[in-house]
Amino acid sequence: MNTAHFDHWDDLRALCADCLSVPVRDVVPHARLVADLGADSLDITELQAAVEGHFDVSFKGVDPASVHTVGDLAELIERLRATRASGVVAG
């Protein structure tokens, strides 16, 4: 994932670090949420709620198994925001 195209990378890193109780420096695009950052199901749920609130997106209809890395999450946020901006309802 090229973070230069994701305008809110610093916000996402901070949210991930806070929800997963890891240092911000560990939150990199290729970091796997579970294997590398130690997320459990509660952490993932809290992260989802934080991301939805901060970025004004909804994960309704999104397969959570499709998000493995922080980069995957950033790409999903971008897709959801683009879909919302175009007026298309996802899910």
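## A buried arginine

Let's start with Arg13, which is buried and yet has no salt bridge. The nearest side chain of opposite charge belongs to Asp10, and it is 4.7 Å away. A salt bridge needs the nitrogen and the carboxyl oxygen within 4 Å, so at 4.7 Å this pair doesn't make one. Keep in mind that everything here comes from a predicted model.

Where does Arg13 lie? You'll find Arg13 in helix H1, which covers residues 9-20. What does the side chain of Arg13 reach? It reaches the backbone oxygen of Val24, at 2.6 Å. Val24 also turns up among the contacts of Arg13: setting aside neighbours within four places in sequence, Arg13 touches Val24, Arg25 and Val27.

## The nonpolar core

Now for the greasy part. The largest nonpolar core is made of 25 residues. Leu12, Leu33, Val51, Val70 and Leu73 have the most contacts inside it. Which elements give two or more residues to this core? They are H1, helix H2 (41-55) and helix H3 (70-85). H1 gives the most, with seven residues. As a general background point, nonpolar side chains tend to be buried together in soluble globular proteins.

Val51 is a handy residue to click on if you want to look around. Leaving out its neighbours within four places in sequence, Val51 is in contact with Leu12, Leu15, Asp56, Val57, Phe59, Leu73 and Ile77. Two of these partners, Leu12 and Leu73, are also on the list of residues with the most contacts inside the core.

## One salt bridge

How many salt bridges does the structure hold? Just one. In it, the side chains of Asp36 and Arg32 meet, with 2.8 Å from N to O.

Are these two buried or exposed? The answer is in between: Asp36 is partly exposed, with a relative accessible area of 40%, and Arg32 is partly exposed too, at 43% relative accessibility. Arg13, by contrast, is buried and has no salt bridge.

## Cysteines without a disulfide

Searching the whole structure turns up zero disulfides. Why don't Cys16 and Cys19 form one? The sulfur of Cys16 has its closest cysteine sulfur in Cys19, and that is 7.3 Å away, too far for a bond. Seen from the other side, the closest cysteine sulfur to Cys19 is that of Cys16, again at 7.3 Å.

Both cysteines count as buried: Cys16 has 0% relative accessibility, and Cys19 has 11%.

Definitions and conventions. Residues are numbered from 1 along each chain as its sequence is written. This is a predicted model: local features need pLDDT of at least 70, side-chain atom pairs count only at pLDDT 80 or more; totals for chains, interfaces and linings use all residues. Side-chain values use heavy atoms; hydrogens and water are left out. Helices (H or I, at least four residues) and strands (E, at least two) are DSSP runs, numbered from the N terminus. Buried means under 20% relative accessible area, exposed over 50%, partly exposed in between (1.4 Å probe, protein chains only). Lys and Arg count as positive and Asp and Glu as negative; His and the chain ends are not counted. A polar contact is a pair of N or O atoms within 3.5 Å; within protein, one must be able to donate a hydrogen and the other to accept it, and residues adjacent in sequence count only if both atoms are side-chain atoms. Contact means heavy atoms within 4.5 Å. A nonpolar core is a set of buried Ala, Val, Leu, Ile, Met, Phe, Trp, Tyr and Cys residues joined through side-chain atoms within 4.5 Å. A disulfide is a pair of cysteine sulfur atoms within 2.5 Å.
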